[in-house]
Amino acid sequence: MIKQWLRSLYIQIFLSFLATCVLVFVGLAVFWNSYFTDFFYKDKKELLRSRAAEVVKLLPTFQEGTLSTRELRLGSRIIGRSMNGSVWLVDAKGTVLNGSSDREGTTIPKLLEPLLAEGLKGRSGYSAGHYKVDPYGGEGQLAYYTPEELNGQPIVIMMLVPALESSEALKAIRWNIFVPLLFSLVAVGVILFILSRKLAGPLQQMNHAALEVANGDFSTRAPVSSNDEVGELARSFNFMVGQLEQWDDNRQEFLANVSHELRSPLTSLRGLIVAMNDRVIPPEKFSHYLKICDHEVQRLQRLVDDLLDLARIQNGTDVFRTRPVALPAKVSEVLELVQSAASDKRLHIRLIAPMPGTPPLRCELDPDRFAQILLNLLYNAIRFTPSGGTITVELAAEGEEAVIVVRDTGIGMSESELLRIWDRFYKAEPSRSGDSDGTGLGLTIVKHLVTGMKGSIAAASELGKGTEFRIAFPLLPPDRFGS
């Protein structure tokens with residue numbers, strides 16, 4: 001439970017920032033404490049150091065015998081009184097050999113033993129504390145220790161001076177430093193906790209929403225509670241979920257359409273086969289109904305081929321093998337392929353090519369896929385144009401684009417139909433077209449092929465007057481004409 005709690009993002013953010021603030025506040029407290037300690041004890045430290053130097057000056061004369069023990073004690077007392085403190089000469093065992101107080105021959109207080117140990121190591125220094133110098137004392141003292149030698153033996157000179165006023169002032173200042181810092185730390189901790197929850201809360205909500213989306217609920221959305229980067233992330237997440245929802249709807253619709261398109265010919269095939277097996281259809285009519293079965297099988301094959309073709313194009317597995325293509329020659333080649341179908345329906349096909357002398361129309365295209373585009377549009381025009389009509393293919397250059405227009409004088413489309421012609425499986429009413437063999441995928445494939453070769457396609461139509469498809473591809477620059 002604790003490990004899971006610590007893995008929470010907002011707890012990690014909170015603890016990281018809080019640890020940083022604690023380190024900063026502790027550093028400030030240590031700095032100000034050291035600064036004010038030095039400030040309040042500075043004068044007394046200078047006094048102790050100077051008086052210790054005077055004691056040191058007495059030791060050579062004492063060792064030479066010029067100064068007696070009594071005189072050394074008297075001199076120490078004079079120095080001690082001059083600073084209102086105590087002077088001790090302490091040997092390595094902690095015994096006071098001489099000094100300004102009545103502790104001569106006694107052991108120093110245990111609280112001073114660490115200072116004695118430091119002095120015997122050859123170090124000098126200061127220490128403030130409640131050192132009991134006499135039976136009645138115990139208030140704050142500032143101690144100074146420095147190493148020396150007496151009669152060839154190491155000793156430590158200890159100087160102690162009352163520092164109650166400085167200690168009380170320093171204590172008050174410490175409280176004035178630590179209490180505001182403590183309250184500031186608490187306030188910063190609360191603010192950091194709130195901010196970390198504000199930052200991590202939306203992320204947790206998005207994580208919950210992502211899990212719901214992974215389970216198939218595309219209706220969920222992450223709440224957008226701010227205009228910062230987290231809010232932008234929530235908006236992007238919601239946009240992604242919306243796209244996934246639309247994709248899922250399209251997938252469901254696609255599966256429904258495929259099922260519908262496959263069910264119709266399969267039902268017909270099964271019904272005819274069962275009828276022939278049961279001799280509901282007499283044997284002499286088998287030939288006729290087998291032709292119907294063949295027709296339905298071909299219809300299924302066209303549907304499957306178109307589905308595979310569309311899947312390859314949409315998934316990017318169909319690689320366009322592009323090269324420079326001269327549009328007039330390629331269009332003329334495609335028109336020859338549909339000429340027979342147009343003649344059977346008594347339709348006139350007209351090609352309007354660029355005027356002689358104009359720059360050649362050449363584009364970077366896949367020749368086979370370009371032919372597929374034109375054939376699809378031309379066969380659609382033949383299918384929906386009544387006998388005696390005209391199909392016009394016009395080529396022109398507009399700016400930096402080559403434009404191919406396929407125009408017919410067919411039955412045309414309404415605005416609602418025009419909006420749906422690029423949808424998969426959309427087919428015009430058989431009563432209007434007179435043809436129900438189409439798969440409804442041709443124009444969808446055309447649009448994907450055109451955009452896949454960096455082109456654009458648009459359609460315009462009017463009921464009873466015909467339909468026009470306009471395709472545009474980028475023209476090749478003149479320096480690539482020879483490639």
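The following dialogue explains how to read several features of this predicted model.

User: Which strands make up the open sheet, and in what order do they stand?

Analyst: A sheet is read by following its strands from one neighbour to the next. Here five strands form an open sheet in the order β7-β9-β10-β12-β11, and the pairing is mixed. The strands β7 (348-352) and β11 (456-462) each have a single partner strand, so they stand at the edges and one side of each lacks a neighbour in the sheet. From one strand to the next, the twist averages 15°.

User: Which strands run parallel, and which run antiparallel?

Analyst: The sense of each pair is considered in turn. β7 and β9 run parallel and are joined by five bridges; within this pair, His-348 has Thr-390 of β9 as its bridge partner. β10 and β12 run antiparallel, with seven bridges between them, and there Val-403 is the bridge partner of Ala-472 in β12. β11 also pairs with β12 in the antiparallel sense, over seven bridges, with Ala-458 opposite Arg-470 of β12.

User: How many residues lie between β11 and β12 in their hairpin?

Analyst: Three residues lie between these two strands, and Gly-464 in the turn has a positive phi of about 80°.

User: Which helices are in contact with the strands of the sheet?

Analyst: Two helices may be described here. Helix α8 (residues 327-344) packs on the sheet and touches β7, β9 and β10 (401-408), and its direction makes about 175° with that of β7. Helix α9 (residues 367-384) lies across β9, β10 and β12 (466-474), and runs at about 25° to β10.

User: Is Thr-392 buried or exposed, and why?

Analyst: A residue counts as buried when its relative accessible area is under 20%. Thr-392 has a value of 4%, and is therefore buried. The residue belongs to strand β9 (residues 390-398). Leaving aside residues up to four places away in sequence, Thr-392 touches Arg-350, Ile-352, Val-405, Val-406 and Arg-407. With Arg-350 there is also a polar contact between the two side chains, at 3.4 Å.

User: Which residues of helix α4 are buried, and where do they fall around its axis?

Analyst: One looks down the helix axis and notes the directions of the buried residues. In α4 (residues 113-120), the residues Leu-115, Leu-116 and Gly-119 are buried. These buried residues fall within an arc of 100° when seen down the axis of α4, so they line one face of the helix. Just after α4, Gly-122 takes a positive phi of about 90°.

Key:
Residues are numbered from 1 along each chain as its sequence is written. This is a predicted model: local features need pLDDT of at least 70, side-chain atom pairs count only at pLDDT 80 or more; totals for chains, interfaces and linings use all residues. Side-chain values use heavy atoms; hydrogens and water are left out. Helices (H or I, at least four residues) and strands (E, at least two) are DSSP runs, numbered from the N terminus. Buried means under 20% relative accessible area, exposed over 50%, partly exposed in between (1.4 Å probe, protein chains only). A polar contact is a pair of N or O atoms within 3.5 Å; within protein, one must be able to donate a hydrogen and the other to accept it, and residues adjacent in sequence count only if both atoms are side-chain atoms. Contact means heavy atoms within 4.5 Å. The arc is that of the directions from the helix axis to the C-beta atoms. Two strands pair if DSSP finds at least two bridges between them. Axes are lines fitted to C-alpha atoms, for helices over the stretch in contact, and angles run from 0 to 180 degrees between N-to-C directions.
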